[in-house]
Amino acid sequence: MSVAAAARLLRNARHATAFTGAGISVESGIPPFRGVDGLWNNYDPRCLDIGYFHAHPEDAWRVIKELFYDFFGSAHPNDAHRSLAVLEQDGIVKALITQNIDNLHQEAGSRTVFEFHGSSRQLLCLACGARRSAQTIDLSTLPPRCGCGGILKPDFVFFGESIPEEASRLSFAEAERADVFLLIGTTGEVMPACLIPEEAKRRGATIIEINTEPSNYTGRISDIFLRGKATELMRALLGEMGLRDRLPPPPLP
Ligand code: APR
């Protein structure tokens with residue numbers, strides 16, 4: 001099976017849904033969590049455990065700031081993010097479920113985005129429940145505090161926390177109605193997000209997977225496995241669909 005076959009499936013889809021993981025943002029300079037350059041090789045995932053955060057907010061914030069706030073501002077959408085926005089604008093991709101918290105899909109122009117793990121954009125006060133834009137909060141003193149004195153926590157899902165109810169409901173509804181499911185850049189290791197592609201398959205969807213390495217889905221539920229970088233394969237897919245010129249030209253060197 002090839003890029004041409006995947007392009008035909010997407011073109012003829014009744015309801016195509018995209019599902020993305022950290023791999024789609026690697027070429028924007030954001031490291032993945034697992035694999036050779038995975039963040040969890042160098043950082044303790046405990047910093048994202050909700051129990052640890054409550055017990056040691058300052059220590060947790062020190063790592064969280066380094067991982068998610070020191071460089072996020074400098075990461076920009078790449079052609080894989082932009083290609084999904086083009087496919088949505090052309091009515092081919094109806095919705096996008098992402099495990100990522102980097103907001104790059106929205107910055108690329110995607111509109112129907114379900115953030116299954118929340119987003120780094122806002123901070124939530126653990127005392128009064130107020131949400132504040134992360135960009136307005138001074139992170140030079142940790143943990144950051146709300147005007148009410150409460151500790152502020154990133155508004156994304158920590159290990160041990162439940163998935164935002166609306167994002168969960170909408171994402172599994174997509175899995176039920178999609179006839180083509182485009183998986184990009186995920187190991188498929190984290191529950192319950194990893195169940196969404198499984199449910200789509202169970203409901204009869206054809207699974208197209210893009211990844212630089214085989215994942216938990218490859219050779220099992222993926223009908224087409226396109227091995228390679230998300231930007232290169234998404235550009236090739238758009239090329240097969242006559243949409244390549246909808247991407248902006250590459251930046252001058
Ligand atoms: N193009 C396509 N795929 C890529 C690229 C690339 N340029 N670079 C890496 N990948 C693939 C890797 O092969 C791997 O399968 O992206 C995947 C990244 O896997 P993870 O780091 O495990 O990311 P993800 O599957 O999204 O993790 C799920 O784990 O820690 C939690 O909450 C965190 O949302 C995250 C969840």
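Gly-242 counts as exposed, because its relative accessibility is 56% and the cut-off for an exposed residue is over 50%. The model in which this glycine appears is a predicted one. Along the chain, Gly-242 belongs to the segment that follows helix H8, which spans residues 230-240. A distant part of the sequence can also be related to this position: Ala-7 stands 235 residues away from Gly-242 along the chain, yet the C-alpha atoms of the two are separated by 9.8 Å.

A contrasting case is His-117. This residue is found in the loop that joins strand S3 (113-115) to strand S4 (118-125). His-117 counts as buried because its relative accessibility is 13%, and the cut-off for a buried residue is under 20%. The side chain of His-117 reaches the backbone oxygen of Gln-99 at a distance of 3.1 Å.

The strands come next. In a regular strand, side chains alternate between the two faces of the sheet. Strand S9, residues 224-227, shows such an alternation. Ile-224 and Leu-226 point to one face and are buried, whereas Phe-225 and Arg-227 point to the other face and are not buried. Strand S9 pairs with strand S8 (residues 206-211) in the parallel sense, over four bridges. Within this arrangement, Asn-211 stands opposite Arg-227 of S9.

Asn-211 also leads the reader to the ligand. Which residues are the closest to the ligand? They are Phe-33, Arg-34, Thr-186, Thr-187 and Asn-211, and the ligand is surrounded by 22 residues in total. By character, the residues of this shell divide into eight nonpolar, ten polar and four charged.

Several contacts with the ligand involve the protein backbone. A polar backbone atom of Phe-33 is 2.6 Å from an oxygen atom of the ligand. Gln-99, whose backbone oxygen is reached by the side chain of His-117, has a backbone N or O atom 3.1 Å from an oxygen atom of the ligand. For Ala-230, a backbone N or O atom lies 2.9 Å from a nitrogen atom of the ligand. On its own the ligand has 740 Å² of accessible area, and the protein covers 93% of this area.

Why is the ligand said to lie between two domains? The reason is that domain 1 (1-30 + 76-117 + 163-253) and domain 2 (31-74 + 121-156) both give residues to the shell around the ligand.

Conventions
Residues numbered from 1 in each chain as written. Predicted model: local features only at pLDDT ≥ 70, side-chain atom pairs only at ≥ 80, totals over all residues. Heavy atoms only, no water. Helix = DSSP H or I, 4+ residues; strand = E, 2+ residues; numbered from the N terminus. Buried < 20%, exposed > 50% of the residue type's maximum accessible area, 1.4 Å probe, protein only. Pairing = 2+ DSSP bridges. Near = heavy atom within 4 Å. Polar contact = N/O pair within 3.5 Å; in protein donor to acceptor, adjacent residues only side chain to side chain. Areas by Shrake-Rupley, 256 points an atom, 1.4 Å probe, with all protein chains shown as cover. Nonpolar A, V, L, I, M, F, W, Y, C, P; charged D, E, K, R; others polar. Domains from an automatic or database assignment.
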